[in-house]
Every structure is written in structure tokens, then in C-alpha cells.
Amino acid sequence: MQPFTKNVITVIKNIPTGKVMTYSQVAACAGSPRGARQVVRILHTMSEKYALPWHRIVNIKGEITIKDAVHQKTLLENEGIVVTQAFTLNLEQYQYKVEPIDFDL
């Protein structure tokens, strides 16, 4: 497994219940600020295998953009996150703010 992939998995697993991160935020925390698309790929291929809380990842506008938006909305609402009928949420309120992690420690 590539180091960036391992880092992304670690970052996603550490998002607390009731909080979200953006794809680009996860990428930056994992060591590649321009790796948002790679985060999408990792979520798509590894969420089930690594029991990732994939539903806690949204786009930079606070929107749910996956095909199964209703399922993601339900999972987020079960954690206390208010999601509008347009599948958006308030990032100022729910975004998990964390500094990039130094994985070389």
C-alpha cells in the first residue's frame, strides 16, 4: 500500500462522529494538498475493506455529491448533522478542523 493511501485511511478513520471533512482537506492532512481525486478513489475502493466512515466526506461546498446521496444524508443525520433537502450541510458548524498530520514521526 502506498504511503499516501495509508495516510488517507488514517485521517478518515479519525474523523469524529458528528463531524465531516472535505476531500481536499483529507488530501492535505494526508500529505498531498492536490490529491482530492485520489481520496475519492481510495474511498471508492477501500471504504468497505477498512470500515471507513466514508459518509463523513463531502465536497468543498459542503455538498453530498455521490450517487447514493440519500443514504449518505441518512447516515450523517443519524450522527446529528443537519442536511438540507438539497443535500448540503453547514461546513462552519460541522467541519472537523485538524492540522496536516506529520506521518514521518
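These legends walk through several close-up views of a predicted model.

**View 1. Helix H1 crosses helix H3.** Here we look at H1, residues 3-13, and H3, residues 36-46, which pack with their axes 10 Å apart. The angle between them is about 75°, so the two helices are roughly perpendicular to each other. On the H1 side, the residues making the contact are Phe4, Thr5, Val8, Ile9 and Ile12. Their partners in H3 are Gln38, Val39, Arg41, Ile42, Leu43 and Met46. Sorted by class, this contact has 8 nonpolar, 2 polar and 1 charged residues.

**View 2. The two sides of helix H3.** Staying with H3, which of its residues are buried? They are Val39, Ile42, Leu43 and Met46. These four cover an arc of only 100° around the axis, which puts them on the same side of H3. A general point about helices helps here: an α-helix has 3.6 residues a turn, so residues three or four places apart point the same way. Swing round to the other side of H3 and you meet Arg37 and His44, which are exposed. And what covers the buried residues of H3? The cover includes H1, helix H2 (23-29) and strand E2 (57-58).

**View 3. A salt bridge between Arg56 and Glu79.** A search of the whole structure turns up 2 salt bridges, and this view shows one of them, where the side chains of Arg56 and Glu79 meet at 2.8 Å, N to O. The pair links distant parts of the chain, with its two residues 23 residues apart. Arg56 sits in the loop between H3 and E2, while Glu79 sits in the loop between helix H4 (69-78) and helix H5 (91-94). Is Arg56 buried or exposed? With a relative accessible area of 10%, Arg56 is buried.

**View 4. A salt bridge inside helix H4.** In this close-up, Glu77 forms a salt bridge with Lys73, and their closest N and O atoms are 2.8 Å apart. Both residues belong to helix H4, 4 residues apart, or about one turn of the helix. As a general rule, side chains of opposite charge can pair when their charged atoms come close. Glu77 counts as partly exposed, at 33% relative accessibility. Lys73 is buried, with a relative accessible area of 17%.

**View 5. Thr17 beside the Arg56 and Glu79 pair.** Thr17 lies in the loop between H1 and strand E1 (21-22). Its relative accessible area is 57%, so Thr17 is exposed. What does Thr17 touch, leaving aside its neighbours within four places in sequence? Thr17 is in contact with Arg56 and Glu79, the two residues whose side chains meet in the salt bridge of View 3. For a sense of scale, look across to Lys67: this residue is 50 residues from Thr17 along the chain, and their C-alpha atoms are separated by 22 Å.

**View 6. Ser47 in the loop between H3 and E2.** Our last stop is Ser47, which has its place in the loop between H3 and E2, the loop that also holds Arg56. Ser47 is buried, with a relative accessible area of 10%. Not counting residues up to four places away in sequence, Ser47 touches Ile42, Leu52 and Trp54. Of these, Ile42 is one of the buried residues of H3. Arg37, on the other hand, is 10 residues from Ser47 in sequence and 15 Å away in space, C-alpha to C-alpha.

Notes:
Residues are numbered from 1 along each chain as its sequence is written. This is a predicted model: local features need pLDDT of at least 70, side-chain atom pairs count only at pLDDT 80 or more; totals for chains, interfaces and linings use all residues. Side-chain values use heavy atoms; hydrogens and water are left out. Axes are lines fitted to C-alpha atoms, for helices over the stretch in contact, and angles run from 0 to 180 degrees between N-to-C directions. Angles under 35 degrees count as roughly parallel, over 145 as roughly antiparallel, 65 to 115 as roughly perpendicular and the rest as oblique. Contact means heavy atoms within 4.5 Å. Ala, Val, Leu, Ile, Met, Phe, Trp, Tyr, Cys and Pro count as nonpolar, Asp, Glu, Lys and Arg as charged, and the others, Gly among them, as polar. Buried means under 20% relative accessible area, exposed over 50%, partly exposed in between (1.4 Å probe, protein chains only). The arc is that of the directions from the helix axis to the C-beta atoms. A salt bridge is a side-chain nitrogen of Lys or Arg within 4 Å of a carboxyl oxygen of Asp or Glu.
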